[in-house]
Amino acid sequence: AVDFSKRADRVAAGTRAGSFLIWRLSDAELLQAAAAHTGSPVNSVQLDNNLLLTASSDRTVRLWNLEGKHSRTYVGHDSAVQSALRVEECVIRGKVIPETIVSGSAAGEIFFWDVLHKPGNQ
């Protein structure tokens with residue numbers, strides 16, 4: 001999995017070993033490498049300024065700051081999470097929710113996570 005932030009001059013990649021790597025685009029310098037999902041492949045990454053979103057075969061979605069510090073874990077999928085995307089605003093059942101993570105699993109589940117509240121199946 002790979003994503004880049006042109007605005008932040010960075011590119012991020014997830015590995016089969018469960019790590020993520022972040023490079024600076026302008027000079028290809030490796031800025032950081034961190035274990036994200038122990039022993040499970042990182043299937044999806046989204047890099048947005050100072051945040052990195054990862055999704056994995058360990059059935060979790062994790063939100064990180066660019067210092068590599070784990071911020072939150074979202075748990076609830078019954079199978080490998082294949083993709084995840086952070087959006088600024090989402091309307092769910094007529095309710096506007098600012099900062100939402102949408103994740104999808106290998107089993108076809110789609111979850112919506114409210115970033116501003118305690119992690120859990122929303």
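**Sheets and nonpolar cores of the predicted model**

In this predicted model, strand β3, which covers residues 19-24, pairs with β4 in the antiparallel sense over 5 bridges. Within this pair, phenylalanine 20 has alanine 34 of β4 as its bridge partner. The two strands belong to an open sheet of 4 strands, arranged in the order β1-β2-β3-β4 with antiparallel pairing. Its edges are formed by β1 (2-5) and β4 (30-35), each of which pairs on one side only, and from one strand to the next the twist averages 15°.

An open sheet of 3 strands, again described by antiparallel pairing, follows the order β9-β10-β11. Because β9 (81-92) and β11 stand at its edges with a single partner strand each, one side of each is left without a neighbour in the sheet. On average, and with direction ignored, neighbouring strands of this sheet are turned by 25° against each other. The pairing of β9 with β10 is antiparallel and comprises 10 bridges, and in this pair arginine 86 has isoleucine 101 of β10 as its bridge partner. Strand β10 (residues 95-105) is further joined to strand β11 (residues 110-114) by 5 bridges, the two strands running antiparallel, with glycine 104 standing opposite isoleucine 110 in β11. The hairpin of β10 and β11 has 4 residues between the strands, and in this hairpin glycine 108 takes a positive phi near 90°.

As a general background to the side-chain packing, nonpolar side chains in soluble globular proteins tend to be buried together. The largest nonpolar core of the model has 12 residues in all, namely Leu51, Leu53, Ala55, Val61, Leu63, Tyr74, Val81, Ala84, Ile101, Phe111, Trp113 and Val115. At least two residues of this core are supplied by each of β6, β7 (60-65), β9 and β11, and the most, 3 residues, come from β6. Apart from this core lies another, of 11 residues, which includes Ala12, Phe20, Ala34 and Leu52; Phe20 and Ala34 are thus found in this core as well as being bridge partners.

Two members of the largest core may be considered in more detail. Leucine 63 is placed in strand β7 and, because its relative accessibility is 5%, counts as buried. When neighbours within four places in sequence are left aside, leucine 63 is in contact with Leu51, Leu52, Leu53, Lys69, His70, Ser71, Arg72, Tyr74, Arg86 and Val115. Of these contacts, leucine 52 is 11 residues apart from leucine 63 in sequence, and the C-alpha to C-alpha separation of the two is 5.9 Å. Valine 115, with its neighbours within four places likewise set aside, is in contact with Leu63, Arg72, Tyr74, Glu99, Thr100 and Ile101.

A residue outside the list of core members, serine 56, lies in strand β6 (residues 51-56). Serine 56 is buried because its relative accessible area is 0%, and, not counting residues up to four places away in sequence, serine 56 touches His37, Ser40, Pro41, Val42, Asn43, Ala80 and Val81. Among these, Val81 is itself a member of the largest nonpolar core.

Methods: Residues numbered from 1 in each chain as written. Predicted model: local features only at pLDDT ≥ 70, side-chain atom pairs only at ≥ 80, totals over all residues. Heavy atoms only, no water. Buried < 20%, exposed > 50% of the residue type's maximum accessible area, 1.4 Å probe, protein only. Contact = heavy atoms within 4.5 Å. Pairing = 2+ DSSP bridges. Axes fitted to C-alpha atoms, helices over the stretch in contact; angles between N-to-C directions. Core = buried A, V, L, I, M, F, W, Y, C linked by side-chain atoms within 4.5 Å.
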